[in-house]
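Q: I would like a close look at one part of this structure. Please take a single sheet, go through it strand by strand, and then set it beside other parts for comparison.

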2 protein chains.
Amino acid sequence: MDSSKNKNSEQETGVAGRRSFLGKGAALGLAGAALGLTACKEDGNKAKPAAAAGAAPKSHGTEVAPGQLDDYYAFISSGHSGEARILGLPSGRTLKRIPVFNIDCMVGWGITNESKAIMGTNPDGTLKYTTGDTHHVHGSYKDGTYDGRWLFINDKIHARVARIRMDTMEVDKITQLPNVMGFHGIFPDKRDPVDQKINYTTRVFCGAEFHIPLPNDGHDVDDPSKWGALFSCVSAETMEVMWQCRVDGNMDLVATSYDGKLAASNQYNTENAADLNGMMAAERDACVFFNIERIERLVKEGKYTTIGNSKVPVVDGRKAANGDPKTAVTCYVPVGKNPHGVNASPDGKYFVCSGKLSPTATIIELTRVLQWFEGSLKTERDAVVGEPEIGLGPLHTAFDGRGNAYTSLFLDSQCVKWNVDAAIAQFKGDKTAKVIIEKMDVHYQPGHNYSSMGETKEADGKYLNSGNKFSKDRFLPVGPLHVETEQLIDISGDKMKLIADHTAYSEPHDGIIVRRDVVKTRQIYTMTDFPNHVTPDNAGIERKGNKVNVRLMSQAPAYSMPVIKVKKGDEVTITLTNHDKVEDLTHGLALPTYNVNFIVNPQETKSVTFKADHAGVFWMYCTHFCHALHLEMRSRFIVEA
Amino acid sequence: MDSSKNKNSEQETGVAGRRSFLGKGAALGLAGAALGLTACKEDGNKAKPAAAAGAAPKSHGTEVAPGQLDDYYAFISSGHSGEARILGLPSGRTLKRIPVFNIDCMVGWGITNESKAIMGTNPDGTLKYTTGDTHHVHGSYKDGTYDGRWLFINDKIHARVARIRMDTMEVDKITQLPNVMGFHGIFPDKRDPVDQKINYTTRVFCGAEFHIPLPNDGHDVDDPSKWGALFSCVSAETMEVMWQCRVDGNMDLVATSYDGKLAASNQYNTENAADLNGMMAAERDACVFFNIERIERLVKEGKYTTIGNSKVPVVDGRKAANGDPKTAVTCYVPVGKNPHGVNASPDGKYFVCSGKLSPTATIIELTRVLQWFEGSLKTERDAVVGEPEIGLGPLHTAFDGRGNAYTSLFLDSQCVKWNVDAAIAQFKGDKTAKVIIEKMDVHYQPGHNYSSMGETKEADGKYLNSGNKFSKDRFLPVGPLHVETEQLIDISGDKMKLIADHTAYSEPHDGIIVRRDVVKTRQIYTMTDFPNHVTPDNAGIERKGNKVNVRLMSQAPAYSMPVIKVKKGDEVTITLTNHDKVEDLTHGLALPTYNVNFIVNPQETKSVTFKADHAGVFWMYCTHFCHALHLEMRSRFIVEA
């Protein structure tokens, strides 16, 4: 292995050298993309400083000194850990884990009655699901930028969308999408398609990746040609599913236009195939555009069906039903093969779709898509105004607000910076157009990338985050399972500068980087926001038959009752209100043997319900350090035999 | 609020200024310690750079440049998140989360059959516990330093000890301690007490904090005077409980001597009280020492009892049964009130116990404890050779290998550096002895601290980590629940230097900082280590009645079967072996609706078992990015109605 191959070169299109990573077993004969890779064990290449690829300044400017604050929040989805995460940038410090679809016994998510009600339970009260797979998180918009109100995040495994309120950074709603499997891309709208005065988010769009029998009840299991995938629209306010639109092919990511008129999803497997070869048979795939106004008009007019037990209106967006552009609800724009990403440029003009198995990015002009819907554009493909060759395995594209795009190249293990206007000029025939500005190595196999404020009209071109799928030799070894890398790149100058290797708990997926002034959080809760809050007036034990309500208060360093007595066999509900008012003065409640573990922040109320099936003395104790006498903060929970 | 109060001053013993934090409700009339604190909201004090407390150099040297590696591993326990964590230092990057007592749907911990077997299940196959509370993690020893073999970690809620094998950084055993509640402190031994050739860890000692009826079956629930707490010894190799020793009072942390002869636990509530006032009635508490050789001799001679259903031998270590030093198994050395911490100095001579409610650290000389056991020391208290006043709320003590100790001061929000020899001289009457070398503000309310290699004979005095319980204004706000701080302090020079505010997912508890050369990890697994591994010879579907075994292999970018068919009502076991051999080429398996989500690292095997109770087509997909066609890596799991 020759580290001199780590050069930044526009001409370097092979996958030799440090980028050879996926093993001979992964060989696939794909035209154009040399996917036949060889395994390499690079002990000699370990712990190389970034100097190997250029100058290595002593400080990269990512160190945020003790007592200083970061400039940006990064809200990131966290793959099959099921959670969301907040990082500070440029430091990369994890400021918060937000449990979403996972169980988190630190806060009691999936343990308290309140969190279970949000997550969803079986008839016996157990959680319906304990796993999740979050890929995309996006913020709500107002006037083309973030309003700091909500984050929306997907669950790919169980087709759920969750909403996080940004004042507390906690999940307050989870909605299951009916008849959807593999819910992958998610994006809020930015404006109402009809009433342009509503210049903020009211809908959340959800792309379904897998096609399945509709309904998926055991019929047609052997005939994929009868299966379908639905694009769903969820109300941002109520989180109810408003409508769905059935399409041909699989959907992947979602983007929305700044005028609110269009949403789109890049599509692979437009072949509607069920196996790998079939999914790569066609020459091109597509980016499918949705005409939101027309879909909602059809719903209003009752021109929809429903599927199985679901009452959600389903509009037909398949090609066969949408031959006439003037009435069509969908427009399938052909793009490079097996695309994995569609992103809106911050000037509001374009969506960019990358090819993945084609070394191109496809630039689609939104006014032309609207022209197609009006019947004034000849073919869907005529909406394409640029298709530069940018490198191997292009996936996602971010923007700097200065006309440049940054696309992750999975196979090349690079980030390519290219100019949108130059690509459009080149597409028109200008052979002098310099499209590619720079390619920079990332480490390694990048997936998502995203830039600071890059998905808003306020894209500021300061930072780019490259979420890489393999870290290999970038960190101290910790066994067979490696941490992945979130590489921070300074894109504010003429040249990209790799300034930090941050770590990610798998999987590094999509995220957004938000200026810190956008975020306005609460310091403590309002006690009366919780209908079951405990006050000195209603605190104590109440028994009804074998149901026992224990209403408890915490104030450092004690719970309001030193002894709680119940009888074996009782169904016990413990409700705990934290009466401390000082910011961050959180208490915990752990009850040994009974698997109870949760925290209450200042003025917050939570509850748990369980059967007291073990007799004995159980010391209920505070888990969250609160006071010099924290360790002594414990009460006796006595279950009489 | 006057930030000029943030001065480093040995004289500053009040708790005014930035340290006032715990709220009026927390007021307690304690002599000596001004615990009556007032709430303060300090908007004006936000985002102050460290410059406020001294010079703020531009770079603090904690930035590890892209491509460079950290110098140390920090293995930390993570409180009521139930996990362990590996950080790189000085960067503070999270290199790994190790699920221990929690459910982690990223790796499938608590989901796969293999992890459930380690965690423990109910008769119906569900997990016995899904919560944990880890406070202490310590490594196994050889020749007085870490051998890189194992980590041991406690669960306070459910009294379990877990072992992490350091080659894979995964839990391989969890043991429940019988008749123990509130298992808090844990420490491996360092040498055999008898056979001094065995100069490595063979035992793990566990302190129990809460006293309970023995057995805890519903009797004596109202008579705390009859309750007890047990000190447990677990075999490091088999993880079986070897013996227990009943003591008076509650136990907290554990330390062990380098000669293997002594283990000790600091004790609060020597009053055996059940409420807060009772726990603070006595003037002093104690550090209880265990004579390991004598305890094991009693066990061998059959001089023990058992409790309830447990067959573990229990030796009586209460004061009443140990009046004669020459036969005693325990020695209760009086120390400052409500201590929270006992730590061994790296020269092997002393244990230091801090007072928490007394502003002192107590230095106990181990040779004197051994003299007491020989009958040649007059009183237990005579083992104390120093008791310096060091500040308010002293908790834990770390060492630099140069004769200095560093104690966290919870109430003062400081780290105090003091000299052990000077403290001993002062105790002998030397009024010129300069004990306190320096006090430095930390932010805020420090709990545990630990130094690089500080709990070994190789203590190198490079770094100190201060795990602080409140971060308040140190990070961008993320709602009512704040992240906590792990502050990194450079202790290599004459003055302590605060060099980084790292973040911790609660709770920041104890940890160890280990030189990177100590750790030797595996890159991939050995397939045959898994008895149920799947090969081309046994892959496929096998049905026995309604039990269906699906034996599956993964190799990027495909599973070995594109279609798997079962019948509704079948009990399905999917076993997946990853046949990829390239380091870090991990695959995932997610099965929608069936709540299946786990990963397999290269050459690893895992399995899940579930009832196929929903008919339909379910796309089983890879969750862990593996290849350019990762997204296309999916098979159809078909459940026929």
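A: What follows describes one sheet of chain B, a loop residue beside it, and then a few other parts.

This is a predicted model, in which local features need pLDDT of at least 70 and side-chain atom pairs count only at pLDDT 80 or more, while totals for chains, interfaces and linings use all residues. Residues are numbered from 1 along each chain as its sequence is written, chains are lettered from A and ligands numbered from 1 in the order written, and side-chain values use heavy atoms, with hydrogens and water left out.

The sheet is open and has 4 strands, in the order E21-E22-E23-E24 of chain B, with antiparallel pairing. Strands (E, at least two residues) and helices (H or I, at least four) are DSSP runs numbered from the N terminus, and two strands pair if DSSP finds at least two bridges between them. At the edges stand E21 (394-399) and E24 (436-441) of chain B, each pairing on one side only. From one strand to the next the twist averages 20 degrees. Strand E21(B) is joined to strand E22 (residues 404-409) of chain B by 4 bridges in the antiparallel sense; in E22(B), Tyr406(B) is the bridge partner of Ala398(B). Helix H5 (residues 420-428) of chain B packs on the sheet, where the helix touches E21, E22 and strand E23 (414-419) of chain B. The directions of H5 and E23(B) make an angle of about 70 degrees. Contact here means heavy atoms within 4.5 Å; axes are lines fitted to C-alpha atoms, for helices over the stretch in contact, and angles run from 0 to 180 degrees between N-to-C directions.

Strand E21(B) begins at residue 394, and Pro394(B) is one of the residues touched by Pro359(B). Pro359(B) sits in the loop between strand E18 (350-354) and strand E19 (361-365) of chain B. Leaving out residues up to four places away in sequence, Pro359(B) also touches Pro388(B), Glu389(B), Ile390(B), Gly391(B) and Leu392(B). Pro359(B) and Pro388(B) are 29 residues apart in sequence, with their C-alpha atoms 8.3 Å apart. With a relative accessible area of 28%, Pro359(B) is partly exposed, a class that lies between buried (under 20%) and exposed (over 50%), using a 1.4 Å probe and protein chains only.

Another open sheet of chain B, also of 4 strands and antiparallel, has the order E3-E2-E1-E29. Its edge strands are E3 (94-99) and E29 (511-515) of chain B; each has a single partner strand, so one side of each is left without a neighbour in the sheet. Neighbouring strands of this sheet are turned by 20 degrees against each other on average, direction ignored. Antiparallel strands E1 (residues 72-77) and E2 (residues 83-89) of chain B are joined by 6 bridges, and Ile76(B) has Arg85(B) as its bridge partner in E2(B).

Turning to the interior, the largest nonpolar core has 254 residues, of which Ile574(A), Phe637(A), Ile574(B) and Phe637(B) touch the most other members. Such a core is a set of buried Ala, Val, Leu, Ile, Met, Phe, Trp, Tyr and Cys residues joined through side-chain atoms within 4.5 Å. Beyond four places in sequence, the residues that Ile574(B) touches include Val550(B), Leu552(B), Met620(B) and Phe637(B).
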